Amino acid sequence: MNLTEKILAAHCGRKSVTPGEFINVKVDLILANDITAPLAIKEFRNLGTKSVFDPQRVVMVPDHFAPNKDIPSAEQCKLMREFALEQLLVYFEVGRAGIEHVLLPEQGLVVPGDVVVGADSHTCTYGALSAFATGMGSTDIAVAMATGEIWMKVPAAIQFVYSGKLRPWVGGKDLILHTIGRIGVDGALYASMEFTGEAISELSMDGRFTMANMAIEAGGKAGLFRADKKTLEYVKDRAKRPYKVFDPDPDARYSQTIELDVSNLEPQVAFPSLPSKVKPVSQAGTVGLDQVVIGSCTNGRLEDLRVAAQVLNGKKVHPRLRCIVLPGTQTVYRQAMHEGIIERFIEAGAAVSTPTCGPCLGGYMGILAAGERCLSTTNRNFVGRMGSTKSEVYLAGPAVAAASAVAGRIASPQEVAG
Amino acid sequence: MKLRGTAHKYGSNVDTDAIIPARYLNVSDAQELAKHCMEDIDTGFVRRVKPGDIIVAEANFGCGSSREHAPVAIKASGISCVVAGSFARIFFRNAINIGLPLLECPEAAAGCSTGDIIEVDLTSGEITNVTTGKKYRASPYPEFLLDIIKSGGLVSQTKKKLARAR
């Protein structure tokens, strides 16, 4: 069995499972946010169950339109907060919270071998910890909260093998954009993606979170990594529960194996309006920008901020451009402050915000007007994603983002920082 | 169960931001959401759609966010069924769970234009384009999913299971 099958079999009490089978899976952790929780709570009430199956395994995070962006958002956050308090759930309030997919791993709430379901498509981020984690809708989450179980179809698994050593300024975002560019936005539809190879062993945990995060952008159900020394080091002082590491069998079967030599890979940029419209930064041409966003569940971790600050290195944000930086959690924010990174952003002329998903989904804190162009370290560049349907979003990693903020157009980190 | 309606045709990769933009997600009310359904790719949809109409799209319909608001908005706008070449998986689950019928059939999707009259037999999976006279067959639902659909969605099915367990 592959890693996907191993984890799922262990969670449905079976010796083995095969792709295409429908199974009921026991879940280790359930997540909802201020956008998806209100619907989930409504459906939970409809079920007529009084309490969730285990309050310590249900997490709610106000992050999408929080700190509350308007009165209706405030009402949704209030509804979620009251439910979380009533049910004694794991709940993170504004000021102690952050973006859910940065926060949960950081708090040790997800551990290797887990099955996690979240009412958010980027729940797949936790695959970086060798957990089977997948996004679902609010009704699914309501049923999981009530019963501790959910139905799943065992996905086929596609293996991605990355060989070679990454060049400077190339990271997890470039690997995953390159992969999506190669297979397309439905290249892994209904499938799980298992990432492996030499370049993956070398990749940091933050880089792996970025890659797993965007599995959904290829249509993937999950994006998984094997747990290695780096994974165990990451969870060592964080894990809130005991865990079990699963490894794929040597004769594991995959529906497809895709080999990618990434030794000459350049930083990548996804052009509007699909994450698969990828070009190496050297072929981006002259694309003037009005805004750069650095942050999100994709690239709002400490390493991302360090890389961006390193590229900025005393330079100023281009006078015609707004650069908005959103650290992923309060812990990331604080550590970035200790390291002097926040000061460097502010000195450069960037706006630094409290953690929120805000601009990524066109909520608030950086909405685009018609005709404006934004390069963002987020995950989606669909039409109208960050504002006007006549605006454009380009996706890249933090190094390209910081370089572009300085240049006022899409630029390579090499060009700006050397 | 048979459905009949006018087709509203879209291309590939219709994402959930196009179905219901995030700027409207500060409410969860189905009728409120329906007012903005498909707004960012088809501003006239809400004005044109009539109860029973059918959305037809090419590959990967409903990709992107997990927002259940997307199938909720489609259902509340009066759409009776979505026929597509393929569906993104979270959208697929959400639609089944809330009782919005979906049929996967690339040939039917390719052979249909906006304004065509479409008939769908949910039991047999037969799709008829009344305008062109062509018939198509969607892949049938697996037994497991059929049970959720027949129960009236995941919540009703779970309610029954919980009642039996008591």
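A salt bridge here is a side-chain nitrogen of Lys or Arg within 4 Å of a carboxyl oxygen of Asp or Glu. The exercises below use this rule on a predicted model.

**Exercise 1.** Work out how many salt bridges the rule finds across the interface of chain B and chain A, and describe the part that A:Asp140 plays.

*Solution.* Begin with the extent of the interface, in which 41 residues of chain B are in contact with 50 residues of chain A, and about 3,700 Å² is buried between the two chains, with carbon and sulfur atoms giving 59% of that area. On the chain B side, B:Asn26, B:Arg89 and B:Arg93 supply 20% of the area buried against chain A, more than any other three residues. Next, apply the rule, which finds two salt bridges across this interface; in one of them A:Asp140 pairs with B:Arg93, and the closest N and O atoms are 2.8 Å apart. The pair A:Asp140 and B:Arg93 qualifies because 2.8 Å satisfies the requirement of lying within 4 Å. Finally, turn to the other polar pairs and the elements: the count between chain B and chain A is 21 residue pairs in polar contact, while H5(B) gives the most to the side of chain B that touches chain A, with seven residues.

**Exercise 2.** Describe how domain 1 and domain 2 of chain A meet, and identify the partner of A:Glu217 in a salt bridge.

*Solution.* First set the bounds, which the domain assignment places at 3–260 for domain 1 and 268–417 for domain 2 of chain A; their centres, taken over C-alpha atoms, are separated by 24 Å. The contact draws 37 residues from domain 1 and 43 residues from domain 2. Then consider the area, of which about 3,100 Å² is buried between the domains, 62% of it from carbon and sulfur atoms; within domain 1, A:Ile99, A:Trp169 and A:Lys173 lose the most area to domain 2, together 24% of what that side buries. Last, the count between the domains is one salt bridge, and A:Glu217 forms a salt bridge with A:Arg380, with 2.5 Å between the closest N and O atoms.

**Exercise 3.** Decide whether A:His64 is buried or exposed, and list some of its contacts.

*Solution.* Locate A:His64 in the loop between strand E3 (58–61) and helix H3 (71–87) of chain A. Its relative accessibility is 9%, so A:His64 counts as buried, the cut-off being under 20%. The side chains of A:His64 and A:Asp63 are joined by a polar contact of 2.7 Å. Beyond its neighbours within four places in sequence, A:His64 is in contact with residues including A:Glu100, A:Asp120, A:Cys357 and A:Tyr364.

Notes:
Residues are numbered from 1 along each chain as its sequence is written. Chains are lettered from A and ligands numbered from 1 in the order in which they are written. This is a predicted model: local features need pLDDT of at least 70, side-chain atom pairs count only at pLDDT 80 or more; totals for chains, interfaces and linings use all residues. Side-chain values use heavy atoms; hydrogens and water are left out. Domain bounds come from an automatic or database domain assignment. Contact means heavy atoms within 4.5 Å. Buried area is the accessible area (1.4 Å probe) that two parts lose on being put together, summed over both. Helices (H or I, at least four residues) and strands (E, at least two) are DSSP runs, numbered from the N terminus. Buried means under 20% relative accessible area, exposed over 50%, partly exposed in between (1.4 Å probe, protein chains only). A polar contact is a pair of N or O atoms within 3.5 Å; within protein, one must be able to donate a hydrogen and the other to accept it, and residues adjacent in sequence count only if both atoms are side-chain atoms.
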